[in-house]
Amino acid sequence: MASDEERRRQHRHRHKQRVLRGIDDDLAAAFDAAAATAGSDRSRITRQFWEWYLRRPGVELPDRPNSEK
């Protein structure tokens, strides 16, 4: 049986988590669905936005999913 410390180590996140406040559940759900449609995920797209905003070399804005209008 695993010790308490071993269980905590197994459930730790690999990367430090960042929190974005003020995003309602509907917006988050719509963003996740759009990201999945674009073949991506929330973390990858958010990281691309941050890198683009900082003008890092070779970084472009992520592709947006097609409009469902």
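Helices here are DSSP runs of H or I at least four residues long, numbered from the N terminus. With that settled, α3 turns out to be the element that gives the most to the lining of the largest pocket, five residues in total. The model is a predicted one, and what follows is computed from it.

That largest pocket comes out at a volume of about 740 Å³. Its lining counts 15 residues, and the closest to the pocket centre are Arg-18, Leu-20, Arg-42, Ser-43 and Thr-46. Two elements give two or more residues to this lining, namely α2 (25–37) and α3 (42–53). Sorted by class, the lining holds seven nonpolar residues, along with four polar and four charged ones.

Next comes the second largest pocket, with a volume of about 220 Å³. There, 13 residues make up the lining, and those closest to the centre are Phe-31, Ala-34, Phe-49, Arg-64 and Pro-65. Once again α2 and α3 turn up, each supplying at least two lining residues. This time, though, α2 is the one that gives the most, with five residues. The class make-up of this second lining is 11 nonpolar and two charged residues, with no polar ones.

Now for α3 itself. The helix has 12 residues, and at 1.5 Å a residue it should span 16 Å; its end C-alpha atoms sit 16 Å apart, so the expected and modelled spans agree. At the N-terminal end, Asp-41 does the capping: one of its side-chain oxygens lies 3.1 Å from the backbone nitrogen of Ser-43. Ser-43 is also among the residues listed as closest to the centre of the largest pocket. Past the other end, just after α3, Arg-55 takes a positive phi of about 60°.

The loop between α2 and α3 is where Ser-40 is found. Is Ser-40 buried or exposed? Its relative accessibility is 19%, and since buried means under 20%, Ser-40 counts as buried. As for its company, once neighbours within four places in sequence are left aside, Ser-40 is in contact with Ala-35 and Ile-45. Of these partners, Ala-35 falls within the 25–37 range of α2, and Ile-45 within the 42–53 range of α3.

Taken together, α2 and α3 keep coming back: both contribute to the lining of the largest pocket, and both contribute to that of the second largest.

How values were computed
Residues are numbered from 1 along each chain as its sequence is written. This is a predicted model: local features need pLDDT of at least 70, side-chain atom pairs count only at pLDDT 80 or more; totals for chains, interfaces and linings use all residues. Side-chain values use heavy atoms; hydrogens and water are left out. On a 1 Å grid over the protein atoms alone, a cavity is a set of points where a 1.4 Å probe fits but cannot get out, and a pocket is an open set with protein on both sides within 12 Å along at least five of seven lines; lining residues have an atom within 4 Å of a point. Grid points are joined across faces, edges and corners, and a volume is the space filled by probe spheres set on the points. Ala, Val, Leu, Ile, Met, Phe, Trp, Tyr, Cys and Pro count as nonpolar, Asp, Glu, Lys and Arg as charged, and the others, Gly among them, as polar. The expected span of a helix is 1.5 Å times one less than its number of residues. A polar contact is a pair of N or O atoms within 3.5 Å; within protein, one must be able to donate a hydrogen and the other to accept it, and residues adjacent in sequence count only if both atoms are side-chain atoms. Buried means under 20% relative accessible area, exposed over 50%, partly exposed in between (1.4 Å probe, protein chains only). Contact means heavy atoms within 4.5 Å.
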